[in-house]
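Trainee: I should like to examine this model through a series of questions. Please present the sequence and the structure, and then state the terms on which we shall speak.

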Amino acid sequence: MEIVLALAIGALTASGLWLLFRPRTFQVILGLALLSYAVNLFILAAGRLRTDAPPVVGKGLADAASYADPVPQALVLTAIVISFATTALLLVVLLASRGLTGTDHVDGEEGEP
């Protein structure tokens with residue numbers, strides 16, 4: 001399970017970086033979104049990968065190794081909301097920039113194909 005998660009994080013990071021260096025602004029926004037997904041998976045993996053484990057320790061149960069850590073889960077939920085808002089803001093800025101300059105290139109100039 002850990003190797004699959006590590007490969008998924010690596011693939012999302014590589015794809016996000018590749019899109020981040022593209023000349024068009026929509027591709028840059030998609031690259032930032034993929035990077036945020038990779039970071040979310042990394043934070044979630046930092047809280048131990050456990051299946052069928054309750055997130056909170058109950059009364060009288062002192063074995064913390066058999067429980068999932070709720071802090072990374074809460075951090076990921078917060079990061080999802082923040083990345084959604086950031087993506088929405090970037091899309092509004094993209095539309096405004098496209099309307100003002102007439103192009104969707106990052107530097108504002110049409111490049112060679």
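Mentor: A helix here is a DSSP run of H or I with at least four residues, and helices are numbered from the N terminus. The model is a predicted one. In these terms, A45 is found in helix α2.

Trainee: How many helices and strands does the protein have?

Mentor: Reading from the N terminus on, the elements run α-α-α. No strand interrupts that order, and the tally for the protein is zero strands and three helices.

Trainee: What is the mean confidence of the helix where confidence is lowest?

Mentor: For the protein, pLDDT averages 83, and 79% of the residues score at least 70. Among the helices, α1 (residues 2–20) has the highest confidence, with a mean of 93. Confidence is lowest in α3, where the mean is 89.

Trainee: Which term describes the direction of α2 relative to α3?

Mentor: Helix α2 covers residues 25–46 and helix α3 covers residues 70–101, and their axes lie 9 Å apart at an angle of about 175 degrees. Angles over 145 degrees count as roughly antiparallel. It follows that α2 is, relative to α3, roughly antiparallel.

Trainee: How many charged residues does the contact of α2 with α3 have?

Mentor: On the α2 side, the contact includes F26, I29, L32 and I43. On the α3 side, V76, I80, L90 and L94 are among the residues involved. By class, the contact has 13 nonpolar and six polar residues, and the number of charged residues is zero.

Trainee: How far apart are the end C-alpha atoms of α3?

Mentor: The helix α3 has 32 residues, and at 1.5 Å a residue these should span 46 Å. The model agrees with that expectation, because the end C-alpha atoms of α3 are separated by 46 Å.

Trainee: How far does α2 reach from its first C-alpha to its last?

Mentor: The helix α2 has 22 residues. At 1.5 Å a residue, the expected span is 32 Å, and the model comes close to this. From first C-alpha to last, α2 reaches 32 Å.

Trainee: Against which helices do the buried residues of α2 pack?

Mentor: The buried residues of α2 include V28, I29, L35, A38 and N40. In α3, the buried residues are P72, V76, S83 and L94, and what covers them includes α2. The buried residues of α2, for their part, pack against α1 and α3.

Trainee: Is N40 buried or exposed?

Mentor: N40 is found in helix α2. Beyond its neighbours within four places in sequence, N40 is in contact with V76, A79 and I80. Its relative accessible area is 8%. The cut-off for a buried residue is under 20%, so at 8% N40 is buried.

Trainee: What does A45 count as, given its relative accessibility?

Mentor: A45 has a relative accessibility of 26%. Values under 20% are buried and values over 50% are exposed. Because 26% falls in between, A45 counts as partly exposed.

Trainee: How far apart in space are A45 and A6, C-alpha to C-alpha?

Mentor: In sequence, A45 and A6 are 39 residues apart. In space, their C-alpha to C-alpha distance is 8.9 Å.

Trainee: How far apart in space are E2 and R48, C-alpha to C-alpha?

Mentor: E2 has its place in helix α1 and is exposed, at a relative accessible area of 55%. R48 follows α2 and has a positive phi, near 70 degrees. The two residues are 46 residues apart in sequence, and their C-alpha atoms are separated in space by 9.8 Å.

Trainee: Which residues does L34 touch, not counting residues up to four places away in sequence?

Mentor: L34 lies in helix α2 and is partly exposed, with a relative accessible area of 21%. Its C-alpha is 8.5 Å from that of L17, although 17 residues separate the two in sequence. Beyond four places in sequence, L34 touches L12, S15, G16 and L19.

Trainee: What percentage of the 113 residues in the protein do buried residues make up?

Mentor: Of the contacts with a separation of 6 or more, 50% are between residues 24 or more positions apart. Across the 113 residues of the protein, the buried share is 21%.

Notes: Residues numbered from 1 in each chain as written. Predicted model: local features only at pLDDT ≥ 70, side-chain atom pairs only at ≥ 80, totals over all residues. Heavy atoms only, no water. Axes fitted to C-alpha atoms, helices over the stretch in contact; angles between N-to-C directions. Helix = DSSP H or I, 4+ residues; strand = E, 2+ residues; numbered from the N terminus. Parallel < 35°, antiparallel > 145°, perpendicular 65-115°, else oblique. Contact = heavy atoms within 4.5 Å. Nonpolar A, V, L, I, M, F, W, Y, C, P; charged D, E, K, R; others polar. Expected span 1.5 Å × (residues − 1). Buried < 20%, exposed > 50% of the residue type's maximum accessible area, 1.4 Å probe, protein only. pLDDT = per-residue confidence, 0-100.
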